[in-house]
Amino acid sequence: MKLSELYWHRITPLHFVLWPLSVVYGLFLALQKLCYWLDILPSAKLPVPLIVVDSISIEDGGKTPFTFWLVDTLLAQGYQPGIITRDNPDNPGLPVAVTMSSDPNLVGGKTFLLAQRCGKSCPVWTGSDRTAVAQALLKAHPACNVIICPDGLHYRRLERDIEILVVDFSEQSFGNGLVLPAGPLRTTLKHLNKTDIIVTHGKPNHPVNMDPWSKTYPMKLVNEMAYKLLDPEDHQLVMNFSNTRLHAIADGDNAGWFFEFIQKTGLNAEFHSFGENHRFVQQDIHFPAADIILMPEENALQCRDFAKDTLWAVPKEAWIIHSELQAILLKKLRDKSDSKT
């Protein structure tokens, strides 16, 4: 069970001890932002617009599926987007393109997933210095005219043009509403008052004053379909696996939502959970008697080199409920593009 499930969705005496540290952390972020605004700390501005997409909490919160939607939207409107991420802290390195031949354990599971889903039409690059990564991507792909950074909320060295925050109101993501380390939030809720675009998922499970926030746009996450990992063109509704010998496997980052989804679908499965950021090996998915093995797409892709025909991946898709978001986003992007010319 993840720490957030045991700790960050409740208030205990320990939280009163850690709350001053949360205040200090918030002040540090504010001071850092001020230093970049005053040019005390040097920042860089890209020749193309930079869109920062991030979750308000340490959980993904739907940020990655929303990034897929964003890439598809930009491509449909004639833009040539590129994606930059910070690589796995355990394996820092120089800017590098992420492809299907990359090692997901080195570049990170979510970055590898971005490359799998977007890489054919949208280059994905990673490295320890996002500024250098963005510059390297633009040099390698001069036609790229917008950069997306899906993990740059607190990265101020690159001047952002549009900031999009995803707010997931689920208990695991929103938690007790406190900032790190007393809670799972990566910034105070006041930050949402000035964010360009706010995308929400779910409904608040406790009172939240959203009146001061920028306008919010609801998103629905859909994961009813699965595809065979060795034959991605083969798609099936997950509910079609109801009469099979089914095993569901996930790491600690995905086990919560994934197992809940399996149960809500009414499937009878054997559950296997591993630690956060687990590096899957063949033995982890070795169940000869299983008809179907289901895994979250992010985890399944890490097993591509030793997967059997029984392994199916469950992706998450973002449905934006109101078309107004696309119009607002494109207008902001056009305005920013015009100011750079």
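1. Contact here means heavy atoms within 4.5 Å. The model is predicted. Helix 3 (residues 63-76) lies across seven named strands of the sheet: strand 1 (50-55), strand 2 (81-86), strand 5 (146-149), strand 6 (162-168), strand 7, strand 8 and strand 15. Helix 3 runs at about 155° to strand 1.

2. Now the sheet itself. Nine strands make up an open sheet with mixed pairing. Their order is 3-4-2-5-1-6-7-8-15. Strand 3 (96-97) and strand 15 stand at the edges. Each has a single partner strand, so one side of each lacks a neighbour in the sheet.

3. One pair in detail. Strand 7 (residues 197-201) and strand 8 (residues 216-222) run parallel, joined by four bridges. Val-199 has Tyr-217 of strand 8 as its bridge partner.

4. Next, the second largest pocket. Its volume is about 650 Å³. The lining has 30 residues. Gln-116, Arg-117, Tyr-227, Pro-232 and Glu-297 lie nearest the centre of this pocket. By class, the lining residues are 17 nonpolar, six polar and seven charged.

5. Which element gives the largest share of that pocket's lining? Helix 5 does, with four residues. Other elements that each supply at least two lining residues include strand 4 (124-127), strand 10 (231-237) and helix 9 (297-301).

6. Last, the enclosed space. The structure holds one cavity of 30 Å³ or more. The largest cavity has a volume of about 30 Å³. Among the residues lining this cavity are Leu-50, Val-52, Ile-84, Cys-149 and Arg-160. The lining has six nonpolar residues, one polar and one charged.

Terms used: Residues are numbered from 1 along each chain as its sequence is written. This is a predicted model: local features need pLDDT of at least 70, side-chain atom pairs count only at pLDDT 80 or more; totals for chains, interfaces and linings use all residues. Side-chain values use heavy atoms; hydrogens and water are left out. On a 1 Å grid over the protein atoms alone, a cavity is a set of points where a 1.4 Å probe fits but cannot get out, and a pocket is an open set with protein on both sides within 12 Å along at least five of seven lines; lining residues have an atom within 4 Å of a point. Grid points are joined across faces, edges and corners, and a volume is the space filled by probe spheres set on the points. Ala, Val, Leu, Ile, Met, Phe, Trp, Tyr, Cys and Pro count as nonpolar, Asp, Glu, Lys and Arg as charged, and the others, Gly among them, as polar. Two strands pair if DSSP finds at least two bridges between them. Axes are lines fitted to C-alpha atoms, for helices over the stretch in contact, and angles run from 0 to 180 degrees between N-to-C directions.
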